[in-house]
Amino acid sequence: MTEDGGKSGKPRVLTVGVDLGTSRSAVSASNGERHVIDSYVGWPVDMVARKVLKKKVLIGDDAVENRVMLDLRRPLEKGLIREGSERDAEAVQELLSHLLSLVKTDEDGDNQKVRAVVGVPAEALRVNKQQLRNAMEGLVDSLMIVSEPFAVAYGLEALLHALVVDIGAGTSDFCVMNGRYPTDDDQRTLTMAGDYIDEQLFDLVTSKHSEATFSRHMIREWKEQHSYVGEAKDPIVVSAPVQGKPTDFDITEEMKVACESLLPSVTETMIDLVARVEPEYQAKVRSNVILSGGSCLIRGMGQVLQEALKDVGGGQVRVVKDPVFVGSDGGLALAKDAPASDWEKLSS
Amino acid sequence: MASLSRIKRQIVRQAVDENLDTINGVLPGIRNDRSRSEITLLSVFFYVALPAAVFALSYILSPMAVGEATDSRLAATRAPVRRAEPVVAEAGVPAESTTTYASPRPLDPAVMPLTLRRVVLDPGHGGSNLGTVAPGGLPEKVITLDIADRLRQLLEDHGYDVVMTRETDESKSLKKRGDMANEAEGDIFLSIHVNWIELQEIRGIETFYLGPTDDPYVTELAATENQGSGYSLADFRGILERVYADVRQKESRELATAVQSALFDSLTKVNPTVRNRGVKSAPFGVLVRTEMPAILAEVSCLSNALEARLLAMPSYRQLLAEALFSGIDSYARELNQAYQIGG
């Protein structure tokens with residue numbers, strides 16, 4: 001619950017951890033609230049849409065469901081605010097405002113201080129962090145921005161001799177934890193992640209079945225339901241319209257090819273990072289690889305990465321139990337651990 | 001448990017510090033090396049102490065001046081990009097024993113970070129000269145100008161003067177670009193380009209300085225980049241002479257090495273498959289006319305589909321600009337150290 005203040009008249013403090021993702025964004029708060037939303041924001045395109053929807057702005061599932069009537073934005077390109085678009089910056093504000101509204105309680109009203117730790121891709125550029133800070137101005141009282149895989153590591157207390165591989169939608173982030181706050185040399189970001197799989201799958205399926213009509217939303221849903229690497233468990237059969245008539249297609253092989261397209265870059269980066277660790281600690285790091293992010297739900301991913309580690313002496317890959325909230329929970333843990341004096345320095 | 005608590009406390013403190021750096025606009029790694037207040041302080045030294053430095057350095061460098069540096073103002077501008085150590089070695093005796101003028105030893109070392117002051121940026125191509133074009137239609141000239149704009153901002157934020165050979169989408173001959181750099185009295189010259197490689201699966205970066213080459217690929221690349229150079233046949237003889245006997249070659253190579261290294265280090269963090277195609281010499285027309293250390297960086301490959309997609313992203317272009325900045329800044333710091341050792 002709230003941590004201080006209350007009856008004394010001092011403002012209550014709500015600490016939150018936010019994982020800002022390209023596909024989904026999650027928030028965990030010190031009052032026990034946890035929520036996840038699709039990272040979509042949409043504005044009604046005209047007067048008719050406004051009258052039908054009865055809202056000025058729609059967020060998350062609501063926005064996706066009504067997308068035909070909306071100027072729909074996915075504001076976090078590759079986990080960052082896209083530059084040069086005021087609408088995107090506005091969309092980020094709406095998204096964050098919505099996330100915070102989900103965890104704030106009415107009882108505290110305005111007499112509540114919000115301290116937030118926000119996770120962004122590992123090598124987020126300074127200018128993007130600043131944009132994020134600008135976008136959150138007025139929404140929180142104090143803000144700390146950290147890398148997503150670091151937030152994951154902090155939440156799991158994997159702070160020494162560990163490697164976090166966080167495969168999200170827009171980016172795959174890697175972070176070696178050496179008992180200190182990770183430097184640039186400890187981290188990598190690849191722009192190949194879940195969205196890249198979607199693109200590959202879309203290209204493969206549309207080129208093989210040109211007679212059918214596929215949307216990117218359908219492709220994404222199929223990936224989320226059936227993605228795998230390695231051996232297929234069952235055939236993957238999906239339905240798509242051909243001249244309006246629902247038709248079944250087997251996309252087992254296309255799904256495998258699309259999902260495995262990530263593997264070369266991910267394994268190469270993972271091994272490269274391990275190789276840069278002090279030699280005496282490499283075995284410890286290899287045996288403490290943590291796979292997180294939405295794409296860790298790809299069946300067989302952990303096993304394949306573990307196989308890849310055999311080439312360099314073997315290791316252990318652990319898949320996090322709660323990939324949706326592991327980043328925001330880590331942010332929350334960090335937010336709680338930071339002393340009030342530090343939060344004062346970070347106040348806006 | 002006590003150990004974990006200690007690690008946590010330390011990590012939290014470091015995370016807070018890093019965020020404070022962001023709030024204060026300090027780039028990672030810069031905080032301890034060169035604060036804004038230090039730059040401001042150095043600016044004061046610049047106006048107070050530099051005249052004395054100019055006087056002493058121009059005298060010391062005169063024996064190895066490249067001939068055209070007779071004007072003391074020009075010598076002052078060129079002096080910073082020369083290393084003090086070779087000057088002493090070539091003279092064979094300590095520098096102060098050869099002069100009746102003020103010795104450089106009393107100079108405040110704080111003046112030295114200003115040794116590389118003015119950077120000339122040359123966004124490749126422009127106007128009707130599109131450069132290479134991505135399959136989606138994105139031309140090289142747009143990318144190079146955008147990266148140069150971003151790099152300019154970074155350099156200016158860190159106290160460098162920047163001169164651009166073009167600031168808009170305009171055609172400008174290679175000769176004109178060299179002339180502009182010389183007139184601006186730039187300390188270094190960086191021409192920014194994006195490559196096209198026949199083997200389209202290759203994603204590589206390479207940096208060139210002026211010199212001869214036997215490599216047919218490099219010859220072809222230079223021929224492509226040299227189109228519309230603005231040089232006449234009469235210029236050609238002089239050009240060849242300079243290609244083979246350019247006194248700036250060592251400094252240009254060192255600058256190229258610093259930039260190539262920074263580019264490769266940055267890009268491999270995003271893309272481990274990028275190839276380091278190295279530092280090479282080549283007879284690029286745009287480098288011939290410049291009178292300062294000059295390099296041409298091929299920062300990416302538009303022929304590679306993934307690179308082309310990345311280049312369309314502002315964040316990737318920003319990454320390239322920051323890598324170029326890092327290379328230039330590290331070269332400047334090495335110069336500073338060389339001066340302090342030699343001075």
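Here is a short back-and-forth on how some labels in this predicted model are earned.

Me: What are the ground rules for numbering and for what gets counted?
Reply: Residues are numbered from 1 along each chain as its sequence is written, while chains are lettered from A and ligands numbered from 1 in the order in which they are written. This is a predicted model, where local features need pLDDT of at least 70, side-chain atom pairs count only at pLDDT 80 or more, and totals for chains, interfaces and linings use all residues; side-chain values use heavy atoms, with hydrogens and water left out.

Me: Why are Phe150(A) and Tyr181(A) called an aromatic pair, and what is their geometry?
Reply: Rings of Phe, Tyr and Trp (its six-membered ring) pair if their centres lie within 6.5 Å, and planes under 30 degrees apart count as stacked, over 60 as edge-to-face and the rest as tilted. Phe150(A) and Tyr181(A) sit 4.8 Å centre to centre with 75° between the planes, so they pass as an edge-to-face pair. Tyr154(A) joins these two in one aromatic cluster.

Me: How do you know whether Phe150(A) is buried or exposed?
Reply: Buried means under 20% relative accessible area, exposed over 50%, and partly exposed in between (1.4 Å probe, protein chains only). Phe150(A) comes in at 0%, so it counts as buried. Its partner Tyr181(A) has 9%, so that one is buried too.

Me: What about Phe208(B) and Phe284(B), what makes them a pair?
Reply: Their centres are 5.0 Å apart and the planes meet at 75°, which gives another edge-to-face pair. Phe208(B) is in strand β4 (residues 204–210) of chain B, and Phe284(B) is in the loop between β5 (275–282) and α10 (285–288), 76 residues apart. Strands here are DSSP runs of E, at least two residues, and helices are runs of H or I, at least four, numbered from the N terminus. With 0% relative accessibility, Phe208(B) is buried, and Phe284(B) is buried at 0% as well.

Me: Why is Arg216(A) said to lie over the face of Phe202(A)?
Reply: The rule wants NZ of Lys or CZ of Arg within 6 Å of the ring centre and within 35 degrees of the ring normal. Arg216(A) is at 4.0 Å from the ring centre and lies over the face, so it qualifies.

Me: What makes Glu157(A) and Lys8(B) a salt bridge?
Reply: A salt bridge needs a side-chain nitrogen of Lys or Arg within 4 Å of a carboxyl oxygen of Asp or Glu. Here N to O is 2.7 Å, so the label holds. Across the interface of chain A and chain B, the rule finds three salt bridges.
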